[in-house]
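Biologist: Could you take me through one part of this model, the place where the two chains meet? I'd like a close look at that and nothing else.

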There are 2 protein chains.
Amino acid sequence: LSIKSYNLCFLGFGNVNRTLVRLLRDREKELSDRHGVAWQITGLASRRMGWIADSAGLNSSILDDPEKHKFHANEGPALRPSDNVRDWLQAAHADVLFEATSLNVENGQPAIDHIRAALEGGAHAITANKGPVVHAYVQLSEIAAKVGKRFLFESSVMDGVPIFALFRDALPLVKLQAVRGILNSTTNVILSEMENGLSFDAALAKAQALGVAETDASYDIDGWDAAVKVAALATVLMRVPLKPSDVRREGIRKLSPQAVRDAKSAGKRYKLVCRLKRLDDRVEASVQPESLPLTDPLAAVEGTSSIICFQTDIFPELVITENNPGLEATAYGMLADFVRAAESDRVGRT
Amino acid sequence: LSIKSYNLCFLGFGNVNRTLVRLLRDREKELSDRHGVAWQITGLASRRMGWIADSAGLNSSILDDPEKHKFHANEGPALRPSDNVRDWLQAAHADVLFEATSLNVENGQPAIDHIRAALEGGAHAITANKGPVVHAYVQLSEIAAKVGKRFLFESSVMDGVPIFALFRDALPLVKLQAVRGILNSTTNVILSEMENGLSFDAALAKAQALGVAETDASYDIDGWDAAVKVAALATVLMRVPLKPSDVRREGIRKLSPQAVRDAKSAGKRYKLVCRLKRLDDRVEASVQPESLPLTDPLAAVEGTSSIICFQTDIFPELVITENNPGLEATAYGMLADFVRAAESDRVGRT
């Protein structure tokens, strides 16, 4: 197996990309032995750090504590500043961009521009961001095909569980007809806590204390996160481009604690359910709280676990459940995408 | 996309291979458009038919009613008889062998010889038979790699659900630590019927009437089918070769209807549970009836449905459930393997 070395660039350097760097380090030998992949980090960028690049490889003190190395004009030639992603990628001689900026539900920017810049500059583009998938999947896939690079986004739905790889690579010729699932952790944790007697606000505070919900959790609570995921599934797996605003969406904000507890007493559980269905000429998509009987596998999904049920023309129902994922799951999805991109290089597939 | 045409040979012509022929016909256009694959059937063989081959393509009247076309010496040159698989594959100019003969638990023969003959003759070998996987996985994989062909067997466990493709292609670098599952339908149906009050014999008769259990169901009832599947998972997914006889095995024959009903009254269900666990230097494998609480996802698996729970170093638990598969699922696994083999040809990967 011949070894190919990759220059890696990380845009956004929060939990996901930091964990990804750790996974890359932990799996260095396996990546080389099994997949013929070597790597060095040549670019780091975040709002705090600014744009850091060194095509000879950033030294590890920067990686260990990047915030100390926020670029200053007097830092010398090794760290080359830039004010835009194209210059930065070029200075880093990037082969792969790991895009982990935060989501823009309305238009997917600036992540779409980042990914386009990477592809047009000759780098694979790997993202954990759902925005580019729902707002520019066709366009970015076409650019990727044209330049012979990959645009991959496995971590954008269900952490790093290979939902997209499953249908793209492992289930050829299978036609997806419908999807049902629970794909948002924040609402799932809040609903469980409300069942246990907490008010909505107290349940939200608890989810925030657990690190599951963000400070501004309205994006989860109002169903946007789930709606973007449903739109991504429709766009990629059903090849029907769908915008988040096309998804009929109802969050859990108006659900009373009494209704949740009453459901529990009646042997049911409220869950924020994602639904997607292929009709003759379009898809029907929704996100809404539903009261489910305990015999429904969706009702058993707790905390940060998630579930997705696929109806297909071959398999009446395939269900994938991810139980208790850690921080690693999302970062792993990007690592696996990197392996897939390297595999494409190896076989010359685009 | 350039089109490559494949000569297909079917060894064993029962439900699985017949359904596969139907799927191939139904998906002819998609196979060509999406995967650059065309095909014709050049070989059919079964105990009843004997060996039928025509490298120019068998005409469809043979396919529609192959038993009418059992080879007779006076049938002319188009149908060339042979008395062994090598001659037959050669006469058929085989590019792909679909091996669907019945399982030999002890030594995997004659399927291993069939597959070896195909690979050494320059054909991809695709099987629904677990025997070659547990008795010759390493050896057949090495031959396949040497000749640049694929040895694939997705349908051997959990019908055609892409368990093997998942770990081989979609979950790179993931280390499988343990497996738990329900992988045998006959015992699952019998246990459900016993819960409903039937005796073991009546439950078995019902499973046979439903077409789930074979006339001689001892292979299922005594846990051999499940044990072979566990051995296949260990051999392929954990890279620890395991023979069916290495699996601690207890069937459901000795389970009394009273015990099954008592469990049900106590809010539990008996299931024939497969377990596999990686230890430092070996694996621990078992198949045995277990009384499971209803909160266990395994307890909810009914009839011909199956479930497999994977513990890995990245994902604490990934669960795949296949609900109510039809006859198509197993045949589909072979079709998908064919697409994978053709994809390997296309990219020159072996």
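Modeller: Sure. Contact here means heavy atoms within 4.5 Å. On that basis, in this predicted model, 43 residues of chain A touch 43 residues of chain B. The copies meet through the same surface, because 100% of the interface residues of chain A are interface residues in chain B too. As for symmetry, chain A lands on chain B after a rotation of 180 degrees with 0.0 Å of shift along the axis, at an RMSD of 0.0 Å. The two copies are thus related as by a two-fold rotation axis. Within chain A, the residue whose C-alpha comes closest to that axis is A:Ile320, at 2.4 Å.

A:Ile320 brings us to the strands. Strand 12 of chain A pairs with strand 12 of chain B (residues 317-323), antiparallel, over 7 bridges. One of the pairings puts A:Thr321 opposite its bridge partner B:Val319.

Now the area: the chains bury about 3500 Å² between them, with 61% of it on carbon and sulfur atoms. A:Leu173, A:Ile314 and A:Tyr332 supply 22% of what chain A buries against chain B, more than any other three residues.

There's polar chemistry as well. The count is 10 residue pairs in polar contact between the chains, and the rule finds 2 salt bridges across the interface. In one salt bridge, B:Arg27 meets A:Asp313 at 2.8 Å, N to O. On the side of chain A that touches chain B, helix 13 of chain A gives the largest share, 10 residues. That side divides into 24 nonpolar, 6 polar and 13 charged residues.

Conventions:
Residues are numbered from 1 along each chain as its sequence is written. Chains are lettered from A and ligands numbered from 1 in the order in which they are written. This is a predicted model: local features need pLDDT of at least 70, side-chain atom pairs count only at pLDDT 80 or more; totals for chains, interfaces and linings use all residues. Side-chain values use heavy atoms; hydrogens and water are left out. Copies are superposed by least squares on the C-alpha atoms of residues with pLDDT of at least 70 in both. Buried area is the accessible area (1.4 Å probe) that two parts lose on being put together, summed over both. A salt bridge is a side-chain nitrogen of Lys or Arg within 4 Å of a carboxyl oxygen of Asp or Glu. A polar contact is a pair of N or O atoms within 3.5 Å; within protein, one must be able to donate a hydrogen and the other to accept it, and residues adjacent in sequence count only if both atoms are side-chain atoms. Helices (H or I, at least four residues) and strands (E, at least two) are DSSP runs, numbered from the N terminus. Ala, Val, Leu, Ile, Met, Phe, Trp, Tyr, Cys and Pro count as nonpolar, Asp, Glu, Lys and Arg as charged, and the others, Gly among them, as polar. Two strands pair if DSSP finds at least two bridges between them.
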